[in-house]
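I opened this model to look up three things in turn, and I note each below as I went through them.

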Amino acid sequence: MRTDLCDLFGIDVPIFAFSHCRDVVAAVSNAGGLGVLGALAFSPEQLEIECAWIDENTGDKPYGVDTVMPMGHIGKETGLGKKGGKEDAIEFKKLIPPEVTAWIETVLEEYEVPRLEEGYERDPSVGGGNAGLLGWTEGGGRNHVEVALHHERVKLLVNALGPPPRDIIELAHQHGVKVAALTGTVDHALRQKEQGVDIIVAQGTEAGGHTGDIGSMVLLPDIVDAVSPTPVLGAGGIASGRQAAAAMALGAQGIWTGSVWLGVRESDVSPLVKDKLFHAGPRDAVRSRSLSGKPARLLRTAWTEAWEREECPGTLPMPLQYMACAEAQTRIGLAARKEGAKARELLGMPVGQVVGRMTEERSSAEVIYEFIDEFVECVAKLQGMLDAAETSS
Ligand SMILES: Cc1cc2nc3c(=O)[nH]c(=O)nc-3n(C[C@H](O)[C@H](O)[C@H](O)COP(=O)(O)O)c2cc1C
């Protein structure tokens, strides 16, 4: 399963694993792939702690950091979101219309979610992320990049929702760090290449999280052809060796995976949500704007359904939607701890259509080894078809 990217990063297999959980990132890098830590939900201070932990737990293995600097978000043209700090958060919050706040409260009441107690201090194990979630602005992303580049074994910087600004790419290159960016269309892939991105992640609509509407089978070869010779990682709908082999057959130099790591033993996803994932099918992974305002594939829950109702005032543009919902997510997480709580119906997370293949907990290393075994078996089968054709001719 070796490609040029293995030599570029000093890894055994071109399996790139996105996760918000440092234990998964470390486990994948230790097993020979490249773990990439999603920085979005962390404050810069917390990201520093997470990277230091990974440094300590991965020997000399490389890893990556993923930031989210969207090409467009509300207020960007007026400079809002440039700093990524509390001042920006206050300004953004003023833009949240009261009818949306009221709608969220209606849904929470319906599912018996109590208010937070006075003086509640955020528990990082509960949903709700980096409360204001200014990781979803250029300023928030820049703060993350600064932290990431201080860590020597960060060898890959990845950006979602568009190419990172050119100065960030140059800065990464000065540190000897490669830059990748996710895309769901050929046009965006070409723009990323022009901006100086080293590796394009072609992510099909099957993927968990923010996603476009073109399937991997069509998107991947189109992007490979358009940006050649820039290397491309196939993403979206890849959770097995056969799917990895298909991506390589379509021209990818490696695979970029997300959903499959949610169910692994090292993942910090709560047992309740893991159980929901293990019982879900591909049609339970729906595209919804209810998380961030942009279409993202999420586990279908009472929360995603509520935002589809006729009486719902509609979702808000990024980054307001999450800011409007962050406290609600924390409240849902807390309420759902109670056995039999109605709030459990609201509990979910981003996940892709491969959720149907996730049925039980395995270790991250087991997942990597299964990827390799099945990939080898699949390619040998294809080789058998060539051999058979040769003998019959
Ligand atoms: C829970 C979850 C959160 C995600 N968050 C991000 C993110 O913050 N940044 C990012 O670049 N991609 C994010 N993604 C997308 C992944 O990087 C990856 O492209 C996607 O999961 C690949 O498709 P798959 O889910 O079919 O494996 C997320 C995916 C999931 C499942």
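These entries cover the ligand shell, the nonpolar core and a small sheet, all read from a predicted model.

Entry on the ligand. I began with the surroundings of the ligand and found 28 residues around it, the closest being A160, G208, G209, G258 and G352. I then looked up which strands supply at least two residues of this shell, and these are β3 (63-68), β4 (154-160) and β9 (254-257). Sorting the shell by residue class, I noted 16 nonpolar residues and 10 polar ones, with two charged residues making up the rest.

Entry on the core. Next I turned to the largest nonpolar core, which holds 110 residues, and I asked which of them touch the most other members: these are V36, I200 and V201. Helix α13, spanning residues 320-335, gives the most to this core, with eight residues. I followed V36 further and, leaving aside residues up to four places away in sequence, listed its contacts as F16, A17, F18, V25, Y63, G64, V65, D66, L156 and V158.

Entry on the sheet. Last, I looked up an open sheet of three strands, ordered β7-β11-β10 with antiparallel pairing. Both β7 (209-210) and β10 (285-288) stand at the edges with a single partner strand each, so one side of each is left without a neighbour in the sheet. Between β7 and β11 (residues 296-299) I found two bridges, the strands running antiparallel. In this pairing, G209 has R297 of β11 as its bridge partner, and I marked G209 again here, since I had already listed G209 among the closest residues to the ligand.

Key
Residues numbered from 1 in each chain as written. Predicted model: local features only at pLDDT ≥ 70, side-chain atom pairs only at ≥ 80, totals over all residues. Near = placed C-beta within 6 Å. Helix = DSSP H or I, 4+ residues; strand = E, 2+ residues; numbered from the N terminus. Nonpolar A, V, L, I, M, F, W, Y, C, P; charged D, E, K, R; others polar. Core = buried A, V, L, I, M, F, W, Y, C linked by C-beta atoms within 7 Å. Buried ≥ 20, exposed ≤ 12 C-beta atoms within 10 Å, placed from the backbone. Contact = placed C-beta atoms within 7 Å. Pairing = 2+ DSSP bridges.
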